[in-house]
Protein chains: 2
Amino acid sequence: MHKKIVTISREFGSGGRTVGKLVAQSLGIAYYDKDLVKQAAKATGFDERFIEQEGEYAPASSVLAYAFSARGAQGAMNGMSADDYLWAAQYQMIQELAEKGPCVLVGRCADYILRERGDCLNVFIHAGKEARMERIVRLYGETDKSPEKRLEEKDKKRRVYCKHYTGRDWGAARDYHLTLDSGVIGVEKCAEVVVTLLRD
Amino acid sequence: MHKKIVTISREFGSGGRTVGKLVAQSLGIAYYDKDLVKQAAKATGFDERFIEQEGEYAPASSVLAYAFSARGAQGAMNGMSADDYLWAAQYQMIQELAEKGPCVLVGRCADYILRERGDCLNVFIHAGKEARMERIVRLYGETDKSPEKRLEEKDKKRRVYCKHYTGRDWGAARDYHLTLDSGVIGVEKCAEVVVTLLRD
């Protein structure tokens, strides 16, 4: 198959980031996720907190975006919305990271952004609600909102973001080479499957 | 994971049936596909040709159904449409086959029919249009219709059938434990991944 880049899209609470980390460790290749956020912050002048919140969510909070954004960034935006400007910056950065060599990229619609390359294995990790609710409470703790509500809100935002910027229906099997239910298959086993396919 | 039954749903021309056969051979378990059709024919009294055409396609051709159906079957249908009667017969048969022991079931919405069991690994095999067009021409030959048209028609029928009888969107990653792009990953490798997960 000869793929050298892995993109991972994932439902909130499915353990997709952990799958990505395990794959990168196992293959000894670069892993981009939070680092990507930090680099985006530097490139755009946006505050990191804003990018972490808006970097892969719905383009619906421009007022908030301006409140968070640095003056320098506003000056360079040439009339684009803050979200569109951030999308453009992330788009370019993901293409540059892919050029550097084999890596795992989690989130940020990297599968779509790198769709012309031909050397990416595009993976989607999902799981049933029960498994995801258990996971987010265990990893991130309780909040005022019910776990179910937190899943719904975050998944909805990712779905809207994906549709807006890529025109795709988030989570349609045809858009990925591999999709895995981590709740049934297990996070470690999901990583093993990806590694097996990459090594071929 | 401890699953003992594999259900395979597949896009037309994706090689999903071949994946199923390879998995069954490799694990030494039963494989049901055309045999299912023959058994359905016996159970309902319908002509085999009708079941092969309508067994997993849209419930839209009742006139054709009656034209093909045997008198005995019509007598037993108690006012159900031919398609609904066939669905009910296949539903029962698939449940009986699953009771017999480990097996691979291709098509016929077996994933949905067996959804309460908990011992099924539900797989969806798909591929890009180019790969599927090449495959159907190689395996089934040319016809008056373009390969693209043949794919579109058959996929549409399966999608409508699935929605009608299960309420599900055919090919949504969340409804399967594993989905694979056989055009990129390769039919043999797809079978290997399934076997690896089953052996765990």
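**Figure 1. Surroundings of A:Asp33 in the predicted model.** A:Asp33 is partly exposed, because 17 other C-beta atoms lie within 10 Å, and a residue counts as buried if 20 or more do and as exposed if 12 or fewer do. The residue sits in the loop between β2 (30-32) and α2 (34-44) of chain A. Apart from neighbours within four places in sequence, the contacts of A:Asp33 are A:Arg17, A:Gly20, A:Val106 and A:Gly107. One of these, A:Val106, is 73 residues away from A:Asp33 in sequence, while the C-alpha to C-alpha distance is 5.5 Å.

**Figure 2. Chain A and its confidence.** Chain A contains eleven helices and five strands. Of its 200 residues, 44% count as buried. Among contacts in chain A with a separation of 6 or more, 66% join residues 24 or more positions apart. The mean pLDDT of chain A is 85, and 79% of the residues score at least 70. Within chain A, confidence is highest in β5(A), at 98, and lowest in helix α4 (residues 62-68), at a mean of 44. Over residues 60-74 of chain A the pLDDT stays under 50, and the model has 25 contacts beyond four places in sequence for this stretch. Where pLDDT is low, the predicted coordinates should not be read in detail.

**Figure 3. The two copies, chain A and chain B, superposed.** A turn of 180° with a shift of 0.0 Å along the axis lays chain B on chain A with an RMSD of 0.0 Å. The two copies are therefore related as by a two-fold rotation axis. Both copies use the same surface, since 100% of the contact residues of chain B recur in chain A. For the complex, the predictor gives an ipTM of 0.84 and a pTM of 0.85.

**Figure 4. The contact between chain A and chain B.** Chain B contributes 20 residues to the contact, and chain A contributes 20 residues. On the side of chain B that touches chain A, the elements giving two or more residues are β4 (120-126), β5 (178-181), α10 (182-185) and α11 (187-199) of chain B. The most comes from β5(B), with four residues. By type, the residues on this side of chain B are eleven nonpolar, five polar and four charged. Strand β5 (residues 178-181) of chain A pairs with β5(B) in the antiparallel sense, over three bridges. In this pairing, A:Leu180 has B:Leu178 of β5(B) as its bridge partner.

**Figure 5. Strand β4(B) and its partner strands.** On one side, β4(B) pairs with strand β1 (residues 5-10) of chain B in the parallel sense over six bridges. B:Ile5 stands opposite B:Cys120 in β4(B). The pairing of β4(B) with β5(B) is also parallel, over four bridges, and here B:Phe124 stands opposite B:Thr179 in β5(B). In a regular strand the side chains alternate between the two faces of the sheet. B:Cys120, B:Asn122, B:Phe124 and B:His126 point one way from β4(B), and B:Leu121, B:Val123 and B:Ile125 point the other way. β4(B) is mostly covered, with seven of its seven residues buried.

**Figure 6. Surroundings of B:Asn122 in strand β4 of chain B.** B:Asn122 is buried because 23 other C-beta atoms lie within 10 Å, and the cut-off for a buried residue is 20 or more. Not counting residues up to four places away in sequence, B:Asn122 touches B:Thr7, B:Asp111, B:Tyr176 and B:His177. Among them, B:Asp111 is eleven residues from B:Asn122 in sequence and 5.8 Å from B:Asn122 in space, C-alpha to C-alpha.

**Figure 7. B:Val194 and the largest nonpolar core.** The largest nonpolar core has 77 residues. The residues with the most contacts inside this core are A:Val194 and B:Val194. With neighbours within four places in sequence left aside, B:Val194 is in contact with B:Val6, B:Val19, B:Val23, B:Val123 and B:Leu178. One of these contacts, B:Val123, is a buried residue of β4(B), and another, B:Leu178, is the bridge partner of A:Leu180.

Technical notes
Residues are numbered from 1 along each chain as its sequence is written. Chains are lettered from A and ligands numbered from 1 in the order in which they are written. This is a predicted model: local features need pLDDT of at least 70, side-chain atom pairs count only at pLDDT 80 or more; totals for chains, interfaces and linings use all residues. Two residues are in contact if their C-beta atoms, placed from the backbone, lie within 7 Å. Ala, Val, Leu, Ile, Met, Phe, Trp, Tyr, Cys and Pro count as nonpolar, Asp, Glu, Lys and Arg as charged, and the others, Gly among them, as polar. Two strands pair if DSSP finds at least two bridges between them. Copies are superposed by least squares on the C-alpha atoms of residues with pLDDT of at least 70 in both. A nonpolar core is a set of buried Ala, Val, Leu, Ile, Met, Phe, Trp, Tyr and Cys residues joined through C-beta atoms within 7 Å. pLDDT is the predictor's confidence in each residue, from 0 to 100.
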